[in-house]
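Please open the model in your viewer and keep the sequence panel beside it. The stops below each begin with a selection and then say what is found there.

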Amino acid sequence: IATDVGPIIDADAKQKLHTHIKMCRAEGFNVEQVATRAPRRGYFFAPAMIEVGGIADVKNEVFGPVLHVARFAAAEIDRVVDDINAAGYGLTFAIHSRIKSTVKRIVSRIKVGNVYVNRNMIGAVVGVQPFGGEGLSGTGPKAGGPNYLHRFAVERAVSTDTTATGGNTTLLSLA
């Protein structure tokens with residue numbers, strides 16, 4: 001009751017989440033999903049947690065209240081980062097650690113648009129924390145970043161040969 005989970009964007013997105021959960025169960029992954037009563041209107045999806053063997057088990061980006069959990073030994077962190085990078089998706093990554101050297105090492109190697117350290121990984125503040133991905137998760141200027149407005153502009157140049165219309169070409173000469 002104390003948790004507020006917003007709706008999914010549309011019926012197709014909600015169906016993709018249901019399909020993903022169903023596929024994960026069929027593949028034998030441990031899936032835990034909250035039992036809730038959805039409001040009568042809107043596209044609501046109960047939060048779910050799926051234990052996977054590694055990043056390779058997650059074939060696509062999943063947009064919704066779904067947490068994939070993969071266990072690994074601390075000594076394997078470089079391999080885990082390599083696996084994440086190899087997936088090609090790179091929207092957001094979060095790390096929780098008190099070991100600054102570990103955070104620095106991961107941040108320097110992970111290929112994502114946004115890295116959140118020791119904080120919630122959703123809710124970027126526009127104008128303060130630009131948001132956008134890398135690789136298959138999108139490229140270009142980040143929403144809320146200093147170059148975002150340029151994304152909506154189109155630059156055009158027009159060059160006219162004045163001699164074709166009887167212009168005075170001596171005006172173009174430096175001599």
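Leaving aside its neighbours within four places in sequence, which residues is V58 in contact with? Select V58 in this predicted model and display what surrounds its side chain and backbone: once the neighbours within four places in sequence are set aside, V58 is in contact with V52 and H68. The residue itself sits in the loop that runs between β2 (48-52) and β3 (66-70). Is V58 buried or exposed? Its relative accessibility is 17%, and because buried means under 20% relative accessible area, V58 counts as buried. Next add H20 to the selection and draw a distance between the two C-alpha atoms, which are separated by 9.5 Å although V58 and H20 are 38 residues apart along the chain.

Now step back to the whole chain, coloured by secondary structure. The protein has three helices and seven strands, and from the N terminus on these elements follow the order α-β-β-β-α-β-β-α-β-β. Of the contacts in the protein with a separation of 6 or more, 41% are accounted for by residues 24 or more positions apart. If you colour by accessibility instead, buried residues make up 21% of the 175 residues, while the accessible surface comes to about 13,100 Å², with 56% of it belonging to carbon and sulfur atoms.

For the interior, select I21, F45, I50 and V66, which touch the most other members among the 13 residues of the largest nonpolar core. The elements that give two or more residues to this core are α1 (11-26) and β2, and the largest share, four residues, comes from α1. Stay on I50 and show its contacts: beyond the neighbours within four places in sequence, I50 is in contact with a list of residues that includes H20, I21, C24, F29, V66 and H68. H20 thus returns here as a contact of I50, after its C-alpha distance to V58 was drawn above. Apart from this core lies another one, of ten residues, and selecting V80, I84, I106 and V112 will highlight some of its members.

Finish on the outside by selecting V107, V115 and V117, which form a nonpolar patch on the surface and together have about 180 Å² of accessible area. Of these residues, V107 lies in helix α3 (residues 100-109). With a relative accessible area of 36%, V107 is partly exposed, whereas V58, where the tour began, counts as buried.

Note on methods:
Residues numbered from 1 in each chain as written. Predicted model: local features only at pLDDT ≥ 70, side-chain atom pairs only at ≥ 80, totals over all residues. Heavy atoms only, no water. Buried < 20%, exposed > 50% of the residue type's maximum accessible area, 1.4 Å probe, protein only. Contact = heavy atoms within 4.5 Å. Areas by Shrake-Rupley, 256 points an atom, 1.4 Å probe, with all protein chains shown as cover. Core = buried A, V, L, I, M, F, W, Y, C linked by side-chain atoms within 4.5 Å. Patch = residues over 30% accessible without salt bridge, like charges linked within 9 Å, V, L, I, M, F, W, Y side chains within 5 Å. Salt bridge = Lys/Arg side-chain N within 4 Å of Asp/Glu carboxyl O.
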